[in-house]
Amino acid sequence: MLNALWVGFFLVAFLIALFKLVAFGDAAVFAALVKALFDSSRTAFEIALGLTGVMALWLGVMKVGERAGMLDVLTRGLAPLFRRLFPDVPPNHPALGAMTMNMGANMLGLDNAATPLGIKAMRELQKLNPSSDTASDAQILFLVINTASVTLLPVTIFTFRAQLGAADPTDVFVPLLITTYVGTLTGLLVTGLFQRLHLWNRVTLAYLGGATALIGGLVAYFSHLDAAEMARQSSILSNVLLTGIIVLFLLMAAWRRVNAYEAFVEGAKEGFQTAVTIIPYLVAMLVAIGVFRASGALDLLMDGIRGAVQAMGFDARWVDALPTALMKPFSGSGARAMMIDTMQAHGADSFAGRLASIVQGSTETTFYVLAVYFGAVGIKRVRHAVACGLAADLAGILAAIAMAYLFFGQAA
């Protein structure tokens, strides 16, 4: 899929540029394409280079939390809920432990730990699966929760926003937290309807009701503030929460007698390696998108959608962030490149730049997760997994648009 998208960007750009040259005599269009090739590749390298320090910082913090046992804390906290959501999995089965650890790792943004734990969980669930090539209910629900997983620390989003000049890179934290919860809850409820899960037991209601009340309270509180006060208080809350999490990690490390400094340095080394590793991917995607934009293809597509939205009488500012939303279910790296392109074109603190950031953090890459997790156990018939995953994606995107208008729409 990613290969088809990448090649498609170049082919469409070339055809549109050729049409402009032949039909309108636009002799400058191919020069613009070549310029976009060089400019985008240089920009990709500069962004990745600038990410090194911030990425090292946050992955260092994550490593402290991991060593301090935060993953174990989250796992124990989620275990009672997971026992109710997966009634077909016997109590104390290894799959439950692997699933809760996977969810905990996702919440903390520990992607390197989350993926192998997720594959382990899927393999354990496969042992309980009566049909080796057909996804079981438990496997589908686990996949959907995974693709719409709540992320407490969207480190990558903050890092790119900081690199691209955002005045307050974390100002999207509260709306992003609300958005990702809406996507997760929707995925859970839709899958529950398909599978006729008994979600109305006391434990499940306590977890989901408590979280929903907290998120709903945040939305209700901020919706009563004017634009300036909302921005001020949202920024304060975001920064207090993030700083508090760091302090909590350090206190837990001290309590468990973990060498926080050594853990931080180890994680920071991984951050440096990560920043270097993403250079080829950023170059590939930003160059393709740069050529696509330089040909006029992206503007033509967005103008058509914007015109249709305005003709229906709606505000169309969200359309500029639509490429990130459309790319997200198919390719994480592609969506990330679209987010960067949007922030470069409109500004990191523009409405579109903030919305693209929220969309990027709202859900996981559905088709990638489906391919990796089901492919690891040989599942060929996915049943309702795609429909439920895409329903969660759609809910996350709609919630992202709503939160962007609530938090940033008045000031735009």
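**Local environments and overall architecture of the predicted chain**

Apart from residues up to four places away in sequence, Phe367 touches Pro329, Phe330, Val386 and Leu390. The model in which these contacts occur is predicted, and Phe367 is placed by it in helix H17, which covers residues 366–377. With a relative accessibility of 28%, Phe367 falls between the 20% and 50% limits and is therefore classed as partly exposed. A further relation between separate parts of the sequence is given by Phe367 and Ser331, whose C-alpha atoms lie 7.8 Å apart although 36 residues separate the two in sequence.

Helix H17 is followed by a loop that leads to helix H18 (385–409), and Arg383 is located in this loop. The phi angle of Arg383 is near 55°, a positive value in a residue that is not glycine. The relative accessibility of Arg383 is 43%, so that this residue counts as partly exposed. A second arginine with a positive phi, Arg257, has a value of about 55° and is likewise not a glycine. Arg257 belongs to the loop between H10 and helix H11, the latter comprising residues 260–277. Because its relative accessible area reaches 79%, Arg257 is assigned to the exposed class. As background to both cases, most residues other than glycine have a negative phi.

Helix H10 itself, spanning residues 227–255, contains Gln233. In this case the relative accessibility is 18%, and Gln233 is consequently counted as buried, the limit for that class being under 20%. The side chain of Gln233 is joined to that of Tyr221 by a polar contact of 2.4 Å. When residues up to four places away in sequence are set aside, Gln233 touches Tyr221, Phe222 and Leu225.

Another loop position is represented by Pro169, which is found between helix H7 (155–163) and helix H8 (173–195). Beyond residues up to four places away in sequence, Pro169 touches Phe158, Arg161 and Ala162. Pro169 and Arg354 are 185 residues apart in sequence, yet the distance between their C-alpha atoms is 9.5 Å.

At the level of the whole chain, the secondary structure consists of 18 helices and 0 strands. The radius of gyration is 22 Å, which agrees with the value near 22 Å that would be expected for a compact globule because the chain has 412 residues. The C-alpha trace extends over about 70 × 50 × 45 Å along its principal axes. Of the contacts with a sequence separation of 6 or more, 79% are formed by residues 24 or more positions apart.

With regard to solvent accessibility, 52% of the 412 residues are buried, and the accessible surface of the chain amounts to about 18200 Å², with 67% of this area belonging to carbon and sulfur atoms. The charged side chains comprise 27 positive and 25 negative groups, and a distance of 8 Å lies between the centres of the two sets.

Technical notes. Residues are numbered from 1 along each chain as its sequence is written. This is a predicted model: local features need pLDDT of at least 70, side-chain atom pairs count only at pLDDT 80 or more; totals for chains, interfaces and linings use all residues. Side-chain values use heavy atoms; hydrogens and water are left out. Helices (H or I, at least four residues) and strands (E, at least two) are DSSP runs, numbered from the N terminus. The radius of gyration is taken over C-alpha atoms; the globule rule is 2.2 Å times the number of residues to the power 0.38. Buried means under 20% relative accessible area, exposed over 50%, partly exposed in between (1.4 Å probe, protein chains only). Contact means heavy atoms within 4.5 Å. Accessible areas come from the Shrake-Rupley method with a 1.4 Å probe; for residues, only the protein chains shown count as cover. Lys and Arg count as positive and Asp and Glu as negative; His and the chain ends are not counted. The place of a charge is taken as NZ of Lys, CZ of Arg, CG of Asp or CD of Glu. A polar contact is a pair of N or O atoms within 3.5 Å; within protein, one must be able to donate a hydrogen and the other to accept it, and residues adjacent in sequence count only if both atoms are side-chain atoms.
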